[in-house]
Amino acid sequence: MHKHHSALGVATALTPAAPVTLIRPAAAARAARFFTEKFPGRSLYAVKANPSPDLIRTLFASGITHFDVASIAEVRLVADALADAEGQAKLCFMHPVKAEEAIAEAYHVHGVRTFSLDTIDELEKIMRACRGATDLELCVRLRVSSEHSELSLASKFGAELGETRELLMATRQAADALGICFHVGSQAMSPQAYSDAIERVRAAIVDAAVTVDIIDVGGGFPSIYPGMEPVALENYFDAIHRGFESLPISYSAELWCEPGRALSAEYSSIIVRVERRRGTELYINDGAYGALFDAAHIGWRFPVALLREEESEEELTAFSFYGPTCDDMDHMVGPFMLPADVKVGDYIEIGMLGAYGAAMRTGFNGFTSESTIEVSDEPMASLYAETVAPRRRATVIKLG
Ligand SMILES: *Cc1c(COP(=O)(O)O)cnc(C)c1O
């Protein structure tokens with residue numbers, strides 16, 4: 001893989017005609033170290049946020065040894081990426097609705113012992129696929145509110161309070177270790193999301209009167225985007241720790257979390273080129289079917305920077321983007337703030353695409369790009385760049 005010092009260096013040296021994905025392993029390693037050092041329990045990386053084998057190896061080398069996988073393809077991918085680690089990595093199959101064949105392969109071929117579920121049917125499926133195994137860690141997924149999050153995960157999965165008693169008791173019978181897990185929704189903007197969810201966990205434990213060995217608070221830890229600047233992650237960790245400590249569980253119970261976005265967002269960005277300008281609309285060469293799905297479909301804003309050797313003196317102006325495909329849906333409203341004199345041929349870096357960006361690229365209409373370059377400059381924003389002074393607001397770093 002090519003390496004360059006900076007995004008600007010890539011744009012000026014290569015003048016790429018297709019979008020380029022920039023990766024910043026140092027930023028991902030920093031995020032991994034932050035979670036391994038400061039989260040008061042174990043951190044599993046949620047692979048769906050970005051399944052890049054390079055990223056998985058980077059996280060592993062920085063202390064993330066457990067991986068939350070959701071499909072048999074992700075099981076195989078992590079097993080392959082970490083084949084040299086000789087069984088030091090542990091995979092947890094945390095999708096509550098799985099194919100029986102996938103469970104069987106995960107258990108019998110890849111040594112997976114941890115599965116999540118939210119119905120008795122799924123519990124029976126797991127027991128059939130694992131042929132009545134007695135070494136299972138089974139996590140019952142509770143439904144919790146997504147009200148503090150930018151992206152809801154509340155309606156699809158999770159047992160309701162009325163159903164949890166029977167399910168927890170049956171799972172306790174079948175499991176070697178019983179866990180309770182939930183997901184507060186992605187980009188949770190307040191630690192309260194976790195405190196509230198842990199109260200649901202408490203109610204479920206009291207109601208079922210079972211011994212619980214694992215509390216898994218899921219993902220949802222935020223990253224930093226324009227207009228979405230969360231309080232420092234330590235505040236989330238404190239709220240979770242307080243809630244966990246107050247639960248009626250044994251002293252040896254474990255606390256887990258499953259960050260996807262927070263571990264991967266800073267890992268990559270893209271460089272795009274302006275192919276046409278119409279007023280404040282820029283036609284760029286990546287879009288809704290590329291790395292900008294969230295920008296198009298849920299109006300997510302990402303930081304942008306004009307990559308010119310000579311910095312523009314013009315005032316920042318609100319732009320929207322059109323992607324390269326032939327349909328109107330390939331449109332990102334933004335606003336993306338760029339100097340007023342942006343013109344055809346200019347390069348723009350769009351940041352914070354390591355989570356749910358690069359991972360969702362398709363080849364629709366023939367527009368896709370495999371070009372990936374490692375850079376050593378800072379990501380466009382970071383929740384981790386200033387970890388010495390906790391409980392301060394996150395700091396945005398301007399490219400400059
Ligand atoms: C998507 C997902 C995650 C990761 O969520 P983030 O918001 O990216 O942290 C973790 N756990 C489960 C079960 C998920 O589906």
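Start by selecting Cys181 and Cys139: the closest cysteine sulfur to that of Cys181 is the one in Cys139, and at 5.1 Å it's too far for a bond. A disulfide would need the two sulfur atoms within 2.5 Å. Keep in mind as you click around that this is a predicted model.

While you're on Cys181, check its surroundings: with a relative accessible area of 4%, Cys181 is buried. Next, jump to Cys257. Cys257 is in no disulfide either, and its nearest cysteine sulfur, in Cys92, is 12 Å away. Is Cys257 buried or exposed? Cys257 counts as buried, at 0% relative accessibility. Don't bother hunting for disulfides elsewhere: the structure holds zero of them.

Now for the ligand. Center on it and you'll be looking into the second largest pocket, which is where the ligand sits. Show the residues around the ligand; there are 14, and the ones that come nearest are Lys48, Ser186, Glu258, Arg261 and Tyr356. Color that shell by class and you should get four nonpolar, five polar and five charged residues.

Time to put some distances on screen. Pick Glu258 first: an N or O atom in its side chain is 2.5 Å from a nitrogen atom of the ligand. Then go to Asp68, where a polar side-chain atom lies 3.0 Å from a ligand nitrogen. For a ligand oxygen, select His183, which has a polar side-chain atom 2.9 Å from one. Finally, switch on a surface: of the 390 Å² of accessible area that the ligand has on its own, the protein covers 91%.

Methods. Residues are numbered from 1 along each chain as its sequence is written. This is a predicted model: local features need pLDDT of at least 70, side-chain atom pairs count only at pLDDT 80 or more; totals for chains, interfaces and linings use all residues. Side-chain values use heavy atoms; hydrogens and water are left out. A residue is near a molecule or strand if one of its heavy atoms lies within 4 Å of it. A polar contact is a pair of N or O atoms within 3.5 Å; within protein, one must be able to donate a hydrogen and the other to accept it, and residues adjacent in sequence count only if both atoms are side-chain atoms. Accessible areas come from the Shrake-Rupley method with a 1.4 Å probe; for residues, only the protein chains shown count as cover. On a 1 Å grid over the protein atoms alone, a cavity is a set of points where a 1.4 Å probe fits but cannot get out, and a pocket is an open set with protein on both sides within 12 Å along at least five of seven lines; lining residues have an atom within 4 Å of a point. A molecule sits in a cavity or pocket if more than half of its atoms lie within 2 Å of its grid points. Ala, Val, Leu, Ile, Met, Phe, Trp, Tyr, Cys and Pro count as nonpolar, Asp, Glu, Lys and Arg as charged, and the others, Gly among them, as polar. Buried means under 20% relative accessible area, exposed over 50%, partly exposed in between (1.4 Å probe, protein chains only).
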